[in-house]
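Visitor: Hey, I've just opened this one and I'm new to it. Can you walk me through it?

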Amino acid sequence: MTDASSVHQVYIALGSNMGERERQLMEAIHSIHQWENTNVIRISDIYETDPVGYMDQPQFLNMVIYVQTEMSPLVLLHRLLQLELQMGRERGEQSERFGPRTIDLDILLYDNVITDEQQLTLPHPRMMERAFVLIPLYAIMAHPHELYQQVSVLTAAAQRSGKEGVKLWKTTNWHKELELLEN
Ligand SMILES: Nc1ncnc2c1ncn2[C@@H]1O[C@H](COP(=O)(O)OP(=O)(O)OP(=O)(O)O)[C@@H](O)[C@H]1O
Ligand SMILES: Nc1nc2c(c(=O)[nH]1)N=C(CO)CN2
């Protein structure tokens with residue numbers, strides 16, 4: 001990736017509450033890092049979180065990654081949806097909305113892009129009400145205020161950690177994880 005203007009700054013939320021949750025999160029990160037002109041730059045800690053929305057399901061592992069890519073928002077979305085399917089996520093009538101899933105990949109922020117399409121809404125329409133997104137996001141955003149003027153909301157969310165069923169599950173040594181990604 002050479003031309004800085006074609007490199008986009010993206011934050012992606014990952015969630016899993018079926019099967020081998022940690023392995024599936026790591027497999028998704030590994031796959032994303034291997035895409036052409038796409039690099040995973042930072043990886044948050046992993047949080048274990050109470051289900052939100054549809055409550056009668058197992059606890060999730062959630063995390064956020066910071067990615068640089070030359071893909072357009074829609075190309076990136078389609079690659080993520082394809083990866084979810086490859087990793088065994090079922091869609092359609094039998095999969096409950098907000099229900100259990102092997103892997104869920106959502107685009108939270110893509111540069112400063114704002115869209116309001118059903119296919120792709122940016123920033124992610126439900127991110128600001130989800131502590132399981134805001135807490136890991138806040139922890140890995142280099143300069144939150146440069147992207148969005150939401151610092152106070154993010155800080156408040158980070159301080160609510162634990163009170164909202166979001167518990168640190170595993171600390172990520174992301175320098176080490178990134179080294180592993182290269183191998
Ligand atoms: N920012 C976004 N990131 C990912 N998908 C999005 C986004 N905005 C809209 N979508 C659309 O949402 C559709 C449904 O996504 P998905 O099945 O992951 O929803 P969900 O996980 O049940 O709920 P949630 O979106 O609240 O996490 C996708 O097919 C996609 O086209
Ligand atoms: N804790 C938690 N709850 C959820 C999650 C998730 O990733 N974590 N994803 C959902 C559907 O996108 C619905 N509810």
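Guide: Sure, we'll go from the overall picture to the two ligands and then to some single residues.

Guide: Keep in mind that this is a predicted model.

Visitor: Okay, what pLDDT does the protein average?

Guide: The average is 84, and 77% of the residues score at least 70. For the complex, the predictor gives an ipTM of 0.96 and a pTM of 0.88.

Visitor: How many helices and strands are there?

Guide: Six helices and eight strands. Starting at the N terminus, the order is β-α-β-β-β-α-β-β-β-α-α-α-β-α.

Visitor: And how much of the protein counts as buried?

Guide: That's 44% of the 183 residues. The protein exposes about 9800 Å², and carbon and sulfur atoms supply 49% of that area.

Visitor: What about contacts between parts that sit apart in the sequence?

Guide: Take the contacts between residues at least 6 apart in sequence: 72% of them join residues at least 24 apart. For a single pair, look at histidine 30 and leucine 178, which are 148 residues apart in sequence but 9.3 Å apart in space, C-alpha to C-alpha.

Visitor: Where is histidine 30, then?

Guide: Histidine 30 is in helix H1, residues 21-34. Its relative accessible area is 27%, so it's partly exposed.

Visitor: Let's switch to the ligands. Which residues come nearest to ligand 1?

Guide: There are 17 residues around ligand 1, and the nearest are Arg101, Ile107, Gln119, Arg126 and Arg130. By class, that shell has six nonpolar, four polar and seven charged residues.

Visitor: Any polar atoms I should zoom in on?

Guide: Try arginine 126: an N or O atom in its side chain is 2.6 Å from an oxygen atom of ligand 1. Aspartate 106 also has a side-chain N or O atom 3.0 Å from an oxygen of ligand 1. With isoleucine 107 it's a polar backbone atom, 2.8 Å from a nitrogen atom of the ligand.

Visitor: How much of ligand 1 does the protein cover?

Guide: On its own, ligand 1 has 620 Å² of accessible area, and the protein covers 86% of that. The elements giving two or more residues to the shell are helix H2 (73-86), strand S5 (104-110) and strand S7 (121-122). S5 gives the largest share, three residues.

Visitor: You listed Arg101 up there. Is arginine 101 buried or exposed?

Guide: Arginine 101 counts as buried, because its relative accessibility is 10% and the cut-off for buried is under 20%. You'll find arginine 101 in the loop between H2 and S5. Its side chain makes a polar contact of 3.4 Å with the side chain of aspartate 104.

Visitor: Now ligand 2. Which residues come nearest to that one?

Guide: Thr49, Asp50, Val52, Asn62 and Asp104, out of 10 residues around ligand 2. So Asp104 ties in with the contact to arginine 101 we just looked at. The shell is made up of five nonpolar, two polar and three charged residues.

Visitor: And the polar atoms there?

Guide: Threonine 49 has a polar side-chain atom 2.7 Å from a nitrogen atom of ligand 2. A backbone N or O atom of aspartate 50 is 2.8 Å from a nitrogen of ligand 2. Asparagine 62 puts a polar side-chain atom 2.8 Å from an oxygen atom of the ligand. The protein covers 95% of the 330 Å² of accessible area that ligand 2 has on its own.

Visitor: Back to the fold. How many residues of helix H3 are buried?

Guide: Eight of its 10 residues, so helix H3 (residues 131-140) is mostly covered. Among the buried ones are Phe132, Leu134 and Ile140.

Visitor: Anything odd about the backbone?

Guide: A few spots. Most residues other than glycine have a negative phi, and most peptide bonds are trans. Leucine 122 and proline 123, though, are joined by a cis peptide bond, with omega about -10°. Proline 123 is in the loop between S7 and H3.

Visitor: Which residues have a positive phi?

Guide: Asparagine 37 is one of them, with phi near 55°. Asparagine 37 is in the loop between H1 and strand S2 (38-43), and it counts as partly exposed at 40% relative accessibility. Aspartate 111 has a positive phi of about 45°. Aspartate 111 is in the loop between S5 and strand S6 (115-116), and at 22% relative accessibility it counts as partly exposed.

Methods: Residues numbered from 1 in each chain as written. Chains lettered and ligands numbered in written order. Predicted model: local features only at pLDDT ≥ 70, side-chain atom pairs only at ≥ 80, totals over all residues. Heavy atoms only, no water. Near = heavy atom within 4 Å. Polar contact = N/O pair within 3.5 Å; in protein donor to acceptor, adjacent residues only side chain to side chain. Areas by Shrake-Rupley, 256 points an atom, 1.4 Å probe, with all protein chains shown as cover. Nonpolar A, V, L, I, M, F, W, Y, C, P; charged D, E, K, R; others polar. Helix = DSSP H or I, 4+ residues; strand = E, 2+ residues; numbered from the N terminus. Buried < 20%, exposed > 50% of the residue type's maximum accessible area, 1.4 Å probe, protein only. Contact = heavy atoms within 4.5 Å. pLDDT = per-residue confidence, 0-100.
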